[in-house]
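Visitor: Hi, I've just opened this one and would like a tour of its empty spaces. Can we look at it together?

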Amino acid sequence: MNYVIMDLEWNGGYSARTHGYFNEIMEIGAVRLDDQLHPAGEFHVVIRPALVRELSKLVREMTGITEEELERGTTFRKAMAQMSRFAGEEAVIMTWSNTDLLMLEENLRYYFGGREEIPFMGYYADVQAYCQQRLTEGETQQLGLEAACRLADIDDEGADHHRALDDSRLTARLLTKLYAEEDFRPYILPADREFYSRLNYKTSFISDIESPLIDREALRFDCEDCRTDLIREKDWRYRSRGFYAPFVCPSCGKKYNARVQFKQKYDGVIVKRRLTLRLSKPEGEEEAMQNDTGGENYGESEEKIGFSG
């Protein structure tokens, strides 16, 4: 089985043709590795813009790509045909996070009449997710490619960051260094219907306290001191993607602020809970709730409940 590491660069802006904001792919770079992770070929193409003509200042500064370079580029349809020939059959397509796949889908929908399935992708692996697990196990903040190279002691001097081919090369070097067959195998996923359902699922935060998706037990809290069930003093209020309410312990009299967040994901609802002791009565309780301060933070717990189907 061959591996193809792909990277995309795109330019975003308003498009009159789509009547809205559009992320137009302007460059594709890829590196092919054989089943022993030896280099087996490279691919690079610049795509001439058709929807978003003006390069944003951020894109110009990050990529260094010029208007002249883009004007000499090919069309998106031709680029897809060339990439398909390069990838071949039975290859595992890999990117640094799945963001590139979402951008590719956006362009496919426009140029190929609503099509979302990536034509040359039978299997997929997220190299970013794998490398993050190997380099920063337990860390939730997404790891960038440059930071990952530093952690893996890979010298990226001379690499043209935010250019598709160079980023593909760096990703290949990083994967090769961290690769362990048994560890990497679970990251290879068939690009089937469920894969695309997961890819395109829109994560959301539940804002209705009466939602049937909310586990009512997640709204209960115990006193951190005497373990007595706390009594809620006011109604839950939704703010900043979470529910807030003041609680009091009927046994020892201690007062708390509680925050609960319900995040709806493809596999179910992720719950985050936080209980904060109010050390002294604030001048304005509402202000204290707004700032979520005024006491000792007993930490935040996270659990998954339910199944979204």
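Visitor: How much space lies in the largest cavity?
Guide: About 60 Å³ lies in there. Keep in mind that this is a predicted model.

Visitor: And how many cavities of 30 Å³ or more does the structure hold?
Guide: One.

Visitor: Which residues line the largest cavity?
Guide: Its lining includes N11, E24, I25 and M26. Also among the lining residues are I47, R48, P49, V52, R53, E54, L55 and L70. The strand β2 gives the most, with three residues.

Visitor: What classes do those lining residues fall into?
Guide: Seven are nonpolar, four are charged and one is polar.

Visitor: Let's move to pockets. What volume does the largest pocket have?
Guide: About 1,400 Å³. The second largest pocket has about 570 Å³.

Visitor: Starting with the largest pocket, which residues lie nearest its centre?
Guide: Those are N98, D126, A129, T203 and K265, out of 33 residues that line the largest pocket.

Visitor: Which elements each supply at least two residues of that lining?
Guide: On the strand side, they are β5 (123-126), β6 (189-190), β11 (255-265), β12 (268-278) and β13 (297-305). The helices α5 (127-135) and α9 (193-200) do so too. By class, the lining of the largest pocket has 12 nonpolar, 11 polar and 10 charged residues.

Visitor: You mentioned α5. Which of its residues are buried?
Guide: V127, Q128, Y130, C131 and Q132 are buried in α5.

Visitor: What do they pack against?
Guide: The buried residues of α5 pack against two strands, β4 (91-95) and β5, and two helices, α7 (164-178) and α8 (181-184).

Visitor: D126 came up earlier. What does its side-chain oxygen reach at the start of α5?
Guide: The backbone nitrogen of Q128, to within 3.0 Å. So two details meet at these residues: D126 is one of those nearest the centre of the largest pocket, and Q128 is buried.Visitor: Back to the second largest pocket. Which residues lie nearest its centre?
Guide: E9, W10, M62, D100 and H162, among the 24 residues that line the second largest pocket.

Visitor: Where does the largest share of that lining come from?
Guide: From β1, which gives five residues. Elements that each supply at least two residues include β1 (2-15), β2 (20-33), α1 (57-63), α4 (99-111) and α6 (145-151).

Visitor: How do the residues of that lining divide by class?
Guide: They divide into 10 nonpolar, nine polar and five charged.

Technical notes:
Residues numbered from 1 in each chain as written. Predicted model: local features only at pLDDT ≥ 70, side-chain atom pairs only at ≥ 80, totals over all residues. Heavy atoms only, no water. 1 Å grid on protein atoms, 1.4 Å probe; cavity = no way out; pocket = protein on both sides within 12 Å on 5 of 7 lines; lining within 4 Å. Points joined across faces, edges and corners; volume = space filled by probe spheres on them. Helix = DSSP H or I, 4+ residues; strand = E, 2+ residues; numbered from the N terminus. Nonpolar A, V, L, I, M, F, W, Y, C, P; charged D, E, K, R; others polar. Buried < 20%, exposed > 50% of the residue type's maximum accessible area, 1.4 Å probe, protein only. Contact = heavy atoms within 4.5 Å. Polar contact = N/O pair within 3.5 Å; in protein donor to acceptor, adjacent residues only side chain to side chain.
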